[in-house]
Amino acid sequence: MPLQVLVVEDDDRIRAVLRLALEDEGYEVAEAGDAETALALAHAAMPDLMIVDLMLGATDGYTCIREIRRSSDIPIVVVSARSDTHDIVAGLEAGADDYVTKPFQVKEITARLRALRRRLRTAVEAAEPDLFLDSDPRRSLVLSRARGAARLDGEDVPLTVTEFRLLSELAQAPGRVLSRPALLEAVWQHGFYGDERIVDVHIRRLRTKIERDPGQPRIVVTVRGLGYRLDLQ
Amino acid sequence: MTPALGSVSLRHRLILAFAAVALMVSAVFAASTYLLARGYLLAQRERVVQHQAMADAEFVQQRLESAGADISEVLTSAGPPAENTIILRWQGKWYTSELGTERDTVPSALRSDIEAGNAAHQRFRTDDGPAVAIGVPLPSVGAEFYEVAPLTELEGILRLLSAILIGGAVLATTAGAALGAWASRSVVTPLNRVAATAAKIAGGHLDSRLPATQDPELTTIVGSFNSMVDTLQQRIERDARLAADVSHELRSPLTTLVASVDLLNARRFELHPRSRHALDLVTADLDRFRRLLDDLLELARSDAGLDRVPSDTVDLGLLLKHVLTEIGADPGLLAGPVEVETTGDKARLGRLFRNLFENAERHGGGLTSVQISRVDEDIVVTVDDHGDGVPGLDRERIFDRFATGRNSRGSSSGTGLGLALVAETAAAHRGAVWCAEAPGGGARFVVRLLEADR
């Protein structure tokens with residue numbers, strides 16, 4: 001069964017060409033011209049992936065993403081006509097998994113979606129034993145790769161696919177430093193010019209969900225000038 | 001203002017002016033005080049001596065009128081004050097109340113006055129110091145009476161007074177200079193603050209403003225300056241917004257175009273050869289258009305001072321190898337210590353070198369070598385080509401926007417902005433780029449970048 005992509009874009013022509021391109025790649029495409037339609041469709045049609053333009057009409061893309069994130073961990077690729085740091089980081093902070101800037105080539109966007117699909121698959125298919133990230137009896141944190149989830153005191157932590165992939169990647173080798181480019185390649189499959197800010201934003205979001213004190217992280221630790229390291233507690 | 005003084009700083013000119021005025025005022029004051037005091041003291045002293053001399057003369061006259069007076073007894077009993085000396089000429093002979101005092105002591109001008117029968121006085125200088133002589137003719141006994149009084153004590157007082165006045169003038173001048181220094185500081189400090197703020201703004205810190213002040217005169221300057229910077233900032237931001245808005249408006253249709261052409265290219269085998277050829281033309285120019293837009297936007301952003309270069313560590317050797325591979329050149333062209341790191345924006349540095357390499361490939365007859373070296377604390381990358389080189393006169397001009405050389409260098413990305421962007425990117429990374437001659441006669445582009453702190 002083909003994966004369904006919801007394209008949220010206020011420009012009809014871009015939407016039309018994206019539909020053509022994505023259908024060529026074998027996706028089933030749903031379209032929304034504004035945030036309200038997008039939210040309704042996201043709840044009704046339950047798409048597998050979303051492409052969201054940050055510049056929408058009355059409700060902007062950021063709000064739309066935040067709204068979707070309240071109930072769903074669906075992978076979201078942001079499309080922005082502005083390559084300014086501010087807009088991109090704001091999109092990622094809102095909850096997007098990845099971004100492309102306009103004008104993009106078809107192969108860029110399909111590559112991003114492929115990477116996200118891979119993340120979906122590996123997240124579900126991995127059959128590795130559970131890993132205790134925090135063994136504190138009052139606050140146990142377990143990464144269950146087989147279930148594609150992390151559990152804090154027996155309850156699932158609402159991680160997005162990207163956050164889960166990032167955590168799994170770090171958990172592959174606890175205590176070893178992983179550089180930002182290495183994480184970019186492993187989780188996002190970005191090329192040589194990949195944007196390292198994307199890693200930082202997702203690490204920040206991950207920490208707010210799993211750390212006792214996100215201001216003083218102890219599980220996902222920053223190693224200055226080198227990258228990140230996962231320390232088992 | 002004389003040119004010599006024109007070169008003196010405002011601060012020093014103010015100090016000099018204050019000191020000069022203080023010196024002038026205190027000098028006039030001191031001189032007039034001295035002259036007045038001196039005149040008054042001298043006149044008073046002379047009056048005292050004159051009274052004394054008159055009394056003594058009268059006494060001597062009375063004694064001489066009585067017959068058989070002993071002249072030395074007369075002079076002794078006249079009893080002038082200890083420091084005064086009486087000199088008497090009587091019956092053609094000179095007598096004095098003090099041994100060792102000659103008649104020559106009396107100035108000759110005074111003597112001739114007395115001989116003429118007029119009472120007179122005269123100040124003169126003896127070996128012991130200044131003195132005043134009073135002459136009184138005594139015609140009734142045919143004598144000339146002189147009394148000489150020293151003015152040494154008075155001179156001492158006057159010397160002390162002048163010393164005090166000179167000291168006062170020096171003190172006043174110093175105080176004037178100090179006042180000048182204070183005044184100049186209070187004038188120059190706000191000026192310096194304006195200069196420092198202006199320099200900061202010129203350096204891209206558009207949010208810098210002068211702090212508010214209570215001084216009513218400075219308030220105007222501070223207010224005008226700040227509102228000028230406000231206007232400037234608004235204009236720069238409006239320009240930047242315009243560039244961003246224009247690029248946004250252009251990007252949407254461009255997205256449709258690029259994606260549609262991609263779709264067509266994916267199905268190019270379904271097209272007629274003539275259509276395929278047309279599609280290739282559209283594809284090539286669309287690529288050029290896209291890069292022109294990127295270049296323009298980046299230049300607009302650096303013009304607007306919105307250029308914040310991130311301080312990511314960039315492995316320069318790896319970057320250069322990657323860019324060489326990207327443009328289809330041999331990564332083996334890279335020589336030198338390749339394990340060097342700089343800080344900045346990887347994508348923009350990549351674009352910088354891509355532009356240089358493509359420039360060499362398109363207009364320089366092909367890339368011959370890319371060399372990394374360390375010079376002092378900097379990294380230097382030299383990019384040599386095979387071509388005819390760049391004439392000396394053009395070596396700066398080719399970095400201008402839309403500059404076209406004889407062999408149309410400068411349009412490496414086909415946009416006419418390639419080398420301009422190279423220069424801007426290098427500058428934004430606190431580095432530089434220049435053009436020289438390669439050993440083989442081709443062009444050599446040299447990029448200097450800061451090495452990352454380890």
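What is the mean pLDDT of chain B, and what share of its residues reach 70 or more? I start there because this is a predicted model, and where pLDDT is low, the predicted coordinates should not be read in detail. For chain B the mean is 83, and 92% of the residues reach 70 or more. Among the elements of chain B, helix α1, residues 3-6, has the lowest mean pLDDT, at 54. The highest, 90, belongs to helix α2 of chain B, residues 10-65. The model as a whole scores ipTM 0.78 and pTM 0.60.

Now to the contact between the two chains. Chain A puts in 20 residues, and chain B puts in 20 residues as well. On the side of chain A that touches chain B, two helices each supply at least two residues: α1, residues 12-24, and α5, residues 106-125. Of the elements there, α1(A) gives the most, with seven residues. By kind, the chain A side divides into 11 nonpolar, two polar and seven charged residues.

Next, chain A on its own. It has an open sheet of four strands in the order β6-β7-β8-β9, with antiparallel pairing. The edge strands are β6, residues 131-134, and β9, residues 155-157, and each of them pairs on one side only. Averaged over the sheet, and ignoring direction, neighbouring strands are turned by 35° against each other. If you want one pairing to look at, take β6(A) and β7(A), the latter being residues 141-144: they run antiparallel and are joined by three bridges. Within that pairing, A:F132 has A:V142 of β7(A) as its bridge partner.

Then there is a helix pair in chain A. Two packed helices are described by the angle between their axes and the distance between the axes. For α6(A), residues 161-171, and α7(A), residues 180-188, the angle is about 125° and the axes are 10 Å apart. An angle of about 125° makes α6(A) oblique to α7(A). The crossing is right-handed. On the α6(A) side, the contact is made by A:T162, A:R165, A:L166 and A:E169. On the α7(A) side, the residues are A:L183, A:A186 and A:V187. Sorted by kind, the residues of this contact come to four nonpolar, one polar and two charged.

Two backbone details in chain A are worth finding on the screen. The peptide bond from A:K102 to A:P103 is cis, with omega near -5°. A:P103 lies in the loop between β5, residues 98-101, and α5 of chain A. The other detail is A:M46, which is not a glycine and yet has a positive phi of about 50°. Look for A:M46 in the loop between α2, residues 35-45, and β3, residues 49-53, of chain A.

Back to chain B, and its helices. How are α2(B) and α5(B) set against each other: roughly parallel or roughly antiparallel? Their angle is about 160°, with the axes 7 Å apart, where α5(B) covers residues 152-202. Since the angle is about 160°, α2(B) is roughly antiparallel to α5(B). α2(B) passes α5(B) in a right-handed crossing. The residues of their contact divide into 30 nonpolar, eight polar and three charged.

Chain B also has an open sheet of five strands, in the order β2-β1-β5-β4-β3, paired antiparallel. Its edge strands are β2, residues 93-96, and β3, residues 120-126, each pairing on one side only. The average turn between neighbouring strands here is 20°, direction ignored. Strand β1(B), residues 85-90, pairs antiparallel with β2(B) over four bridges. B:R89 has B:W94 in β2(B) as its bridge partner.

Last, the strands further along chain B. Strand β12(B), residues 443-450, pairs antiparallel with β10(B), residues 378-385, over seven bridges. In that pairing, B:D384 stands opposite B:R444 of β12(B). Strand β11(B), residues 432-437, also pairs antiparallel with β12(B), over six bridges. There, the bridge partner of B:W434 is B:V446 in β12(B). β11(B) and β12(B) form a hairpin with five residues between them. In the turn of that hairpin, B:G441 has a positive phi of about 100°.

That is what I have.

Notes:
Residues numbered from 1 in each chain as written. Chains lettered and ligands numbered in written order. Predicted model: local features only at pLDDT ≥ 70, side-chain atom pairs only at ≥ 80, totals over all residues. Axes fitted to C-alpha atoms, helices over the stretch in contact; angles between N-to-C directions. Parallel < 35°, antiparallel > 145°, perpendicular 65-115°, else oblique. Left-handed = near helix turned anticlockwise from the far one by under 90°. Contact = placed C-beta atoms within 7 Å. Nonpolar A, V, L, I, M, F, W, Y, C, P; charged D, E, K, R; others polar. pLDDT = per-residue confidence, 0-100. Pairing = 2+ DSSP bridges.
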